[in-house]
Amino acid sequence: MNSKKLFIETYGCQMNISDSEVVVSILEKEGYELTDAAKDADVIFVNTCSIRDNAEKKVRNRIQEFKHLKRKKPNLKIGILGCMAERLKDTLLEEESFIDMVVGPDAYRDLPSLISQTGDGRQMANTVLSLEETYEEITPVRLDRNGVSAFISIMRGCDNYCSYCVVPYTRGHERSRNPKSIITEAKDLLKKGYKEITLLGQNVNSYNWKTDDETLNFSKLLKQVANVSTELRIRFSTSHPKDISDELIETIANTNNICNSIHLPVQSGSSDVLKRMKRSYDIEWYMNRINKIKSLIPNCGLSTDIITGFCGETDEEHNATVAIMQEVGYDYAFMFKYSERPDTFAANRMADDVDEAVKSARLTEIINMQQKTSLASNKRDIGKVFRVLVENVSKRSTAQMSGRSDENKVMVFDRKNTVIGDYVNIKCTSCTVGTLLGEII
Ligand code: SAH
Ligand code: SF4
Ligand code: F3S
């Protein structure tokens, strides 16, 4: 029996987590066994992210530790996967000579062969991007550990080329996965006891499956997945504002087990900035979509991503972001300072001219404001009852459990006799900025 051990560490977005699950599946077929301890591994994979400079720095620091491990264990093979591998290609092998493999997101089927060709200082790279690869028939090995919520990747790549973003370069062109294989995966998860499925894509709602005799858009796919079982609840991420159609909002509104929660990154509250970002919508369009969502799904959970200090951002444009955040009243937001990424349109054509100190001050301002908004939103929930999927034992006390409401709010409550995977009704009794506290009723 082969007992080679694999250690994998994942950075970046949910798509990367989902990809790591595919990688583990491919290697388990080759006889590898997953380990939690890097020091026991024969192969170490780091699945990386390039979205901002600090994401890459984090990986660069971390892999130095693996370099030390390799000194003690010369047969150890180290592979860099994911977006940094794709962005830097052979340069990464030249710069970090202890790395054995550099493998881009569309080349994971090639991993067993690449591993076998490395060793004794031989380095290998495969960073070929594909127009078709969706890993559709590979059953991912779930790394979630709670056994109730799982990701299903339904499309890959991005054709939007927002001016600041590396993703189209690291992930290649947009392509949708065969719906039959998506439904099969959802049914399989149901059989294994899973209760929540999150459909994933760089722009999940741009999903579009086309053959000679079939076309299927995202709302139709979403409905089909929801129809697999009412025992499953369905989420999806990340939606692009340009593709939030009325049909999609109606489908969410009319289908009980599709969660009332939408992550809709606005990036900036200024239409001029959005134009420079090449986001392909303006603020009127964005607010029109938000108002449609609010009118059809009154308590819909709303969250967003914001980039602050983008090229040329004036005080006035920044204030427009503050205003839009107040107007929408997001439940939570991921907020970032603009980080120039090599070879993007913005890096090539625009000056990264907002002072670092100004970027920091703007970021602090919006973070503080969002905290107030989040707290206000949570306070409005006190006294309300939520249907919650029990997902984890609480980090603070084993006498408590945590889970999320339909609207994607985290709730903590006394466990009583609940177990992970139960649906329970929880009445909210108090809250913090990030959590609702409550009791089972
Ligand atoms: N496809 C999704 C976003 C994926 S990247 C969408 O278009 O909404 C996740 C978030 O990272 C983005 O929404 C953006 O807010 C942020 N981001 C991307 N590139 C960035 C950069 N160069 N600097 C700072 N933040 C960035
Ligand atoms: Fe990046 Fe824009 Fe594509 Fe999102 S839509 S992944 S921000 S290029
Ligand atoms: Fe990062 Fe790549 Fe995801 S750049 S955010 S891991 S698509």
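**Group meeting talk: two ligand shells, a cavity and a pocket**

Let me start with ligand 3, which in this predicted model has around it Cys13, Asn16, Thr48, Cys49, Ser50, Ile51, Cys83, Val167, Arg171 and Gln202, where a residue is taken as near a molecule if one of its heavy atoms lies within 4 Å of it. By class, this shell around ligand 3 holds five nonpolar, four polar and one charged residues, and for the classes Ala, Val, Leu, Ile, Met, Phe, Trp, Tyr, Cys and Pro count as nonpolar, Asp, Glu, Lys and Arg as charged, and the others, Gly among them, as polar.

Before going on, I should say that residues are numbered from 1 along each chain as its sequence is written, and that chains are lettered from A and ligands numbered from 1 in the order in which they are written. Because the model is predicted, local features need pLDDT of at least 70 and side-chain atom pairs count only at pLDDT 80 or more, while totals for chains, interfaces and linings use all residues, and side-chain values use heavy atoms, with hydrogens and water left out.

The domain assignment, which is of the automatic or database kind, gives domain 1 (4-126), domain 2 (149-378) and domain 3 (385-440). Domain 1 and domain 2 each supply at least three residues to the shell around ligand 3, whereas the centres of domain 1 and domain 3, taken over C-alpha atoms, are separated by 36 Å.

Ligand 2 has its own shell, made up of Cys158, Asn160, Tyr161, Cys162, Tyr164, Cys165, Val167, Pro168, Asn203, His240 and Arg279, and by class that shell has seven nonpolar, three polar and one charged residues.

Now to the strands and helices, which are DSSP runs numbered from the N terminus (H or I, at least four residues, for helices; E, at least two, for strands). Strand S1 (residues 5-10) pairs in the parallel sense with strand S2 (residues 33-34) over two bridges, pairing being called when DSSP finds at least two bridges between two strands, and Leu6 has Leu34 in S2 as its bridge partner. S1 also pairs in the parallel sense with strand S3 (residues 43-48), here over five bridges, and Thr10 stands opposite Asn47 in S3.

What about enclosed space? On a 1 Å grid over the protein atoms alone, a cavity is a set of points where a 1.4 Å probe fits but cannot get out, a pocket is an open set with protein on both sides within 12 Å along at least five of seven lines, and lining residues have an atom within 4 Å of a point. Grid points are joined across faces, edges and corners, and a volume is the space filled by probe spheres set on the points.

By this rule there is one cavity of 30 Å³ or more, and the largest cavity holds about 90 Å³ of space. It is lined by 13 residues, of which Ser18, Val22, Thr134, Ser153 and Arg177 are the closest to its centre, and the elements giving two or more residues to this lining are H1 and strand S7 (149-153).

The second largest pocket holds about 400 Å³, and among its 21 lining residues Asn299, Cys300, Asp381, Lys384 and Glu407 are the closest to its centre. S17 gives the most to that lining, with three residues. Why does this pocket lie between domain 2 (149-378) and domain 3 (385-440)? It does so because both of these domains give residues to its lining.
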